[in-house]
Amino acid sequence: MEFRFDGEPIRAEPGQTVGAALVAAGRRHWRTTRRDAAPRGLFCGIGICFDCLVTVNGHPNRRACLTEAAAGDQVTTQEGTGRDDLAC
């Protein structure tokens, strides 16, 4: 199965998380921090740390380590809070 990450196809096995599929595809980071835009990816891998946040099908703040990959999903790098549309 495949999903798209920042427009590129990423293969995933059934039941595999987005984070695991991205790491298997050689991606090591897919989020930047709010303050200094530092790259982040998988850290704890069990949903505790929130370093692996991505936007999935337009929904920000999804933990890649817990989100199961689904065929046709559109996953994008999350910058900052992922909620720039709410900025005043």
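**Entry 1: Terms and overall layout**

I began by fixing what a strand is: strands are DSSP runs of type E with at least two residues, and they are numbered from the N terminus. I needed this term to place Ala-69, which sits in the loop between β6 (59-63) and β7. I also noted that I am working with a predicted model.

I then looked up the secondary structure of the protein chain and found one helix and seven strands. Read from the N terminus on, the elements follow the order β-β-α-β-β-β-β-β. I recorded that 34% of the 88 residues of the protein chain count as buried. The chain exposes about 5400 Å², and carbon and sulfur atoms supply 50% of that area.

**Entry 2: Strand β1 and its partners**

I asked in which sense β1 and β2 pair. Strand β1 (residues 2-5) and strand β2 (residues 8-11) are antiparallel, with four bridges. Phe-5 has Glu-8 in β2 as its bridge partner. The two strands form a hairpin with two residues between them, and in the turn Asp-6 has a positive phi of about 50°.

I next followed β1 to strand β7 (residues 74-79), where the pairing is parallel and runs over two bridges. Here the bridge partner of Arg-4 in β7 is Gln-74.

I also looked at where the side chains of β1 point. In a regular strand the side chains alternate between the two faces of the sheet. In β1, Phe-3 and Phe-5 point to one face and are buried, whereas Glu-2 and Arg-4 point to the other and are not buried.

**Entry 3: The largest nonpolar core**

I asked which residues touch the most other members of the largest nonpolar core. This core has 15 residues, and the ones in question are Phe-3, Phe-5, Val-18, Leu-22, Trp-30 and Val-75. The elements giving two or more residues to this core are β1, α1 (18-24) and β5. The largest share, three residues, comes from α1.

I took Leu-22 for a further check. Setting aside its neighbours within four places in sequence, Leu-22 is in contact with Phe-3, Phe-5, Ile-10, Arg-27 and Trp-30.

**Entry 4: Ala-69, a buried loop residue**

I returned to Ala-69, in the loop between β6 and β7, and asked whether this residue is buried or exposed. Buried means under 20% relative accessible area. Ala-69 has a relative accessible area of 4%, so this residue is buried.

I listed the contacts of Ala-69 beyond its neighbours within four places in sequence: they are Met-1, Phe-3, Ala-12, Gln-16, Thr-17 and Val-18. I also noted that the C-alpha atoms of Ala-69 and Arg-11 are separated by 9.3 Å, although the two residues are 58 residues apart along the chain.

**Entry 5: Thr-55 and Gly-45**

I looked up Thr-55, which lies in strand β5. Thr-55 is buried, because its relative accessible area is 13%. Its side chain and that of Gln-78 are joined by a polar contact of 3.4 Å. Apart from neighbours within four places in sequence, Thr-55 is in contact with Pro-60, Gln-74, Val-75, Thr-76 and Gln-78.

I then turned to Gly-45, in the loop between β4 (39-40) and β5 (53-56). Gly-45 is partly exposed, with a relative accessible area of 37%. Its C-alpha atom is separated by 8.5 Å from that of Ala-64, 19 residues apart along the chain.

**Entry 6: Salt bridges**

I asked how many salt bridges the structure holds. The structure holds three.

One of them joins Arg-27 and Glu-8, with the closest N and O atoms 3.0 Å apart. Arg-27 lies in the loop between α1 and β3 (31-32) and Glu-8 in strand β2, so this pair ties together parts that are 19 residues apart in sequence. Arg-27 is partly exposed at 24% relative accessibility, and Glu-8 is partly exposed at 43%.

Asp-51 and Arg-31 meet in a salt bridge of 3.2 Å, N to O. Asp-51 lies in the loop between β4 and β5 and Arg-31 in strand β3, so the pair ties together parts that are 20 residues apart in sequence. Both Asp-51 and Arg-31 are buried.

Arg-40 and Asp-51 also meet in a salt bridge, at 3.8 Å, N to O. Arg-40 lies in strand β4, so this pair ties together parts that are eleven residues apart in sequence. Arg-40 is partly exposed, with a relative accessible area of 30%, whereas Asp-51 counts as buried at 18%. I noted last that salt bridges with shared partners join Arg-31, Arg-40 and Asp-51 into one network.

Methods:
Residues are numbered from 1 along each chain as its sequence is written. This is a predicted model: local features need pLDDT of at least 70, side-chain atom pairs count only at pLDDT 80 or more; totals for chains, interfaces and linings use all residues. Side-chain values use heavy atoms; hydrogens and water are left out. Two strands pair if DSSP finds at least two bridges between them. Buried means under 20% relative accessible area, exposed over 50%, partly exposed in between (1.4 Å probe, protein chains only). Accessible areas come from the Shrake-Rupley method with a 1.4 Å probe; for residues, only the protein chains shown count as cover. A nonpolar core is a set of buried Ala, Val, Leu, Ile, Met, Phe, Trp, Tyr and Cys residues joined through side-chain atoms within 4.5 Å. Contact means heavy atoms within 4.5 Å. A polar contact is a pair of N or O atoms within 3.5 Å; within protein, one must be able to donate a hydrogen and the other to accept it, and residues adjacent in sequence count only if both atoms are side-chain atoms. A salt bridge is a side-chain nitrogen of Lys or Arg within 4 Å of a carboxyl oxygen of Asp or Glu.
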